[in-house]
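The following note sets out, point by point, what may be read from the model under discussion. Please consult the sequence and the structure alongside it.

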Amino acid sequence: MFQAGELIVYANTGVCRVEAVGVPDGLPSSDGVTLYYKLVPLYGVGTIQIPVNTRVFMRPVLTRQQAEQLVESIPQIKEDDCAIENPRLAAEHFRSRLDTHRCEDLVCLIKTVHQRSQAQQKRGRKPSRAEQQLLRRAKELLHGELAVALELPVGEVAEYIRRKLEAS
């Protein structure tokens with residue numbers, strides 16, 4: 001169970017701070033003792049009340065060491081060899097990468113969609129809107145978590161990655 005003050009990754013919302021753990025006022029509870037997390041997204045608005053025993057994905061954010069290792073491993077993370085030409089089916093395939101909530105899969109998704117977009121542009125076509133939306137979301141999730149782990153403003157994460165990759 002997470003504790004108040006911890007930073008976690010919550011489903012596809014991204015990084016959230018656990019504000020409180022307890023029985024919230026005004027929320028219906030069949031037993032009166034079901035504990036809830038009160039989550040506040042770091043890069044969003046509002047709050048989320050979710051039962052502690054939910055099946056919705058939650059995990060601790062990466063540590064600084066894990067984040068640094070991830071950045072160093074980016075060149076070794078291969079693109080998805082997805083050969084699906086139908087943009088809707090390809091987007092569904094790529095959405096499954098988001099649903100793993102693994103940073104390595106986000107990197108793979110980013111690299112793959114970027115590569116596919118460049119190939120589309122070379123053929124004189126526009127990149128798929130659905131794939132571009134997935135690309136933006138994958139970057140938001142990845143950069144949000146790396147920003148927290150590396151103690152950087154989220155807007156500086158892309159430059160941090162670029163510098164680290166150029167130095168290696």
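1. A definition is needed before the helix packing is described: axes are lines fitted to C-alpha atoms, for helices over the stretch in contact, and angles run from 0 to 180 degrees between N-to-C directions. On that basis, the axes of helix α3 (residues 103-122) and helix α4 (residues 129-150) come within 9 Å and cross at roughly 145 degrees. The crossing of α3 past α4 is left-handed.

2. The contact between these two helices draws on C103, L106, V107, L109, I110, V113, R116 and S117 from α3. On the side of α4, the participants are E131, Q132, L134, L135, A138, K139, L141, L142 and E145. By class, the residues of this contact comprise 11 nonpolar, 2 polar and 4 charged.

3. The model is a predicted one, and its confidence should be stated. The mean pLDDT of the protein is 91, and 96% of the residues score at least 70. Among the elements, strand β1 (residues 7-10) has the highest mean pLDDT, 98, whereas helix α2 (residues 87-98) has the lowest, 85.

4. As to overall architecture, the protein has 5 helices and 5 strands. Along the sequence these elements follow the pattern β-β-β-β-β-α-α-α-α-α. The C-alpha atoms fill a box of roughly 60 × 40 × 25 Å, taken along the principal axes.

5. Which residues line the largest pocket? The lining consists of I74, V107, I110, K111, K139, L142, H143, A158, I161, R162 and L165. The space in this pocket is about 200 Å³. Helices α3, α4 and α5 (157-167) each supply at least two residues of the lining, and the largest share, 4 residues, comes from α5. The lining is made up of 7 nonpolar, 1 polar and 3 charged residues. V107 and I110 of α3, together with K139 and L142 of α4, belong both to the helix contact and to the lining of this pocket.

6. A separate matter is enclosed space. The count comes to 1 cavity of 30 Å³ or more, and the largest cavity has a volume of about 70 Å³. Its lining is formed by V9, A11, N12, G14, V15, R59, L98, H101, L106, L141 and E145. Strand β2 (14-22) and helix α4 are the elements that give two or more residues to this lining. The lining residues of the cavity divide into 6 nonpolar, 3 polar and 2 charged.

7. The helix contact also bears on the cavity. L106 of α3, with L141 and E145 of α4, takes part in the contact of the two helices, and these residues are likewise among those lining the largest cavity.

Methods: Residues are numbered from 1 along each chain as its sequence is written. This is a predicted model: local features need pLDDT of at least 70, side-chain atom pairs count only at pLDDT 80 or more; totals for chains, interfaces and linings use all residues. Side-chain values use heavy atoms; hydrogens and water are left out. A crossing is left-handed if the near helix is turned anticlockwise from the far one by less than a right angle, and right-handed if clockwise. Contact means heavy atoms within 4.5 Å. Ala, Val, Leu, Ile, Met, Phe, Trp, Tyr, Cys and Pro count as nonpolar, Asp, Glu, Lys and Arg as charged, and the others, Gly among them, as polar. pLDDT is the predictor's confidence in each residue, from 0 to 100. On a 1 Å grid over the protein atoms alone, a cavity is a set of points where a 1.4 Å probe fits but cannot get out, and a pocket is an open set with protein on both sides within 12 Å along at least five of seven lines; lining residues have an atom within 4 Å of a point. Grid points are joined across faces, edges and corners, and a volume is the space filled by probe spheres set on the points.
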